[in-house]
Amino acid sequence: MESFLFIGFGIKMSGKRKKKINISINPEMPQPEMNDTEVRQDDPERLSCHVLCESLLSYGSGFNNFQGIFNCSVVLLVLTHVHMSLENFIRYGLLFDPVKIISVFLKDPYKWPAVYLIAASVLFALPAVFIERYLRKVNRWYREGTPRPVRGTSRMQDPSVHQSRRNERGQSKQIMYPMNLKVKDLYYFLLAPTLCYQLNFPRQKNCRQGYIIRRFIEMIFLFHLMLGLIQQWIVPNIHKSMKPINEIESTLLTEYILKLAVPSHFIWLIFFYWYFHSCLNCLAELLRFGDRQFYLDWWNADSVLQFWSRWNIPAHKWLDRHVYRPLLHHGYDKWQARMTVFLLSACFYEYLIAIPLKMFRFWMFFAMAAQVPLACLMKRLFGGNFGNIFMWISLVLGPPLMMLLYFHDYYIQHHRKDSSWRLFFF
């Protein structure tokens, strides 16, 4: 009996072994896989699901992927401005009329000071070329940067000889003084998108027609877009604020500024792209002008002072070459030279506003001068990202405030004579 049970148990075990072997050998049957999630019931460490970590929005978590939040902010921003546009359209209707703008310019063609200034610059530039050509023997020692020849020594060799030798050797053609004293070179400098003259500008080999067409289409579209925003948003808000400043409550004045902030900032951004990218690149492509660095990444500036040195590179190069470096050469330190350059640029922007309005109020000058101590204070206290935020706040809220101040003074000077419409500090 015992032997029978033993034999039966052996047969059963052998059958189990064979079955197990068949399971492991047969490739068609699904094989059980051990996952990391399968844990043993008797191992408490493997059953734990909590580890030491920070929340994702905490500073110490190291998490920096906020693309979804950025997309949500963009969606909310778009919806907010669509709502503002619909509200403006429902209240005022469609106010965009490009024919009206053209009729305003054609109504009195004798009050175009910009055209007169351009014509005068062309007329005064021609005598300058002829005077320089007449005095080239006197100015040659200074223009070439070589020592003036002493009396009794050999005469200075004509630069055109060196020019012809270089051309015979097959090298690139380089203009030297006084070979640049030509009307063609003068008008190339006047038309080129630069304020700094040099003998040899970087030039491209050919002119890309497709690039010019794209920039020209951008110029036409963005120009009409700016006119539409001015007629649709700026003009109605300005008409609502046609009251004496001393009679407007502070909350209502703040509302006017905030209503003007969004459209004025849009117009400023569009104008930047229209002028510094579309217009200057189109002109540079027509003239095959090679230096296309008209602006830097001013949107990443960590202070207002850094913004002013990045957003207008042609003016910055001129101030650096003709004001900043000569001041350093005459013994002034860097801080004094920078302050002089900044105040000179503030006077220039005030001049640009004062000429078409025919009045000096120095609001722009005071605003730019006040940015210097504020920028230094923000950089010392915060700097970095907070400085960039302060820069954007000044760009968004500064233009509507200047717009209201200049419009208030212009209106009471040219249209209203009531005593309640008084000038600020004047």
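Helices are DSSP runs of H or I of at least four residues, numbered from the N terminus. In the predicted model, Ser303 falls in the loop that links α9 (250-287) to α10 (304-308). Ser303 has a relative accessibility of 12% and therefore counts as buried, the cut-off for that class being under 20%. A polar contact runs from the side chain of Ser303 to the backbone nitrogen of Gln306, at 3.2 Å. When neighbours within four places in sequence are left aside, the residues in contact with Ser303 are Gly387 and Met391.

The loop between α9 and α10 also holds Arg288. The phi angle of Arg288 is positive, at about 55°, although the residue is not a glycine. Arg288 has a relative accessible area of 27%. Because partly exposed residues are those between the limits of 20% and 50%, Arg288 is assigned to that class.

A positive phi also occurs at Phe362, again not a glycine, with a value of about 65°. Phe362 is located in the loop between α12 and α13. The relative accessibility of Phe362 is 36%, so this residue counts as partly exposed.

The secondary structure of the protein comprises 14 helices and zero strands. Read from the N terminus, the order of elements is accordingly a run of α entries. Of the 426 residues in the protein, 27% are buried. Among contacts between residues at least 6 apart in sequence, 66% join residues at least 24 apart.

Three helix pairs are described next. For α12 and α13, the loop containing Phe362 lies between the two helices. Helix α13 spans residues 363-381, and its axis is 7 Å from that of α12, with a packing angle of about 150°. Angles over 145 degrees count as roughly antiparallel, and α12 and α13 are therefore placed in that class. Their crossing is right-handed. On the α12 side, the contact is formed by Trp335, Met339, Phe342, Leu343, Ser345, Ala346, Cys347, Tyr349, Glu350 and Ile353. The residues of α13 that meet them are Trp363, Met364, Phe365, Met368, Ala369, Gln371, Val372 and Cys376. Sorted by class, this contact has 15 nonpolar, two polar and one charged residues.

Helix α12 (residues 334-357) also packs with helix α14 (residues 385-414). Here the angle is about 30° and the axes are 12 Å apart. Angles under 35 degrees count as roughly parallel, so α12 and α14 are roughly parallel to each other. The crossing of α12 and α14 is right-handed. Glu350, Ile353 and Leu357 of α12 make this contact with Tyr406, Tyr410 and His414 of α14. By class, the contact of α12 with α14 contains four nonpolar, one polar and one charged residues. Glu350 and Ile353 are listed in the contact of α12 with α13 and again in the contact of α12 with α14.

The third pair consists of α8 (residues 209-240) and α9, whose axes come within 9 Å and cross at roughly 160°. With the limit for roughly antiparallel set at over 145 degrees, α8 and α9 are therefore roughly antiparallel to each other. The crossing of α8 and α9 is left-handed. The contact of α8 with α9 has 25 nonpolar, five polar and five charged residues.

Asn237 is situated in helix α8. With a relative accessible area of 12%, Asn237 is buried. The side chain of Asn237 makes a polar contact with the backbone oxygen of Trp233 at 2.9 Å. Beyond neighbours within four places in sequence, Asn237 is in contact with Lys259 and Leu260.

Technical notes
Residues numbered from 1 in each chain as written. Predicted model: local features only at pLDDT ≥ 70, side-chain atom pairs only at ≥ 80, totals over all residues. Heavy atoms only, no water. Axes fitted to C-alpha atoms, helices over the stretch in contact; angles between N-to-C directions. Parallel < 35°, antiparallel > 145°, perpendicular 65-115°, else oblique. Left-handed = near helix turned anticlockwise from the far one by under 90°. Contact = heavy atoms within 4.5 Å. Nonpolar A, V, L, I, M, F, W, Y, C, P; charged D, E, K, R; others polar. Buried < 20%, exposed > 50% of the residue type's maximum accessible area, 1.4 Å probe, protein only. Polar contact = N/O pair within 3.5 Å; in protein donor to acceptor, adjacent residues only side chain to side chain.
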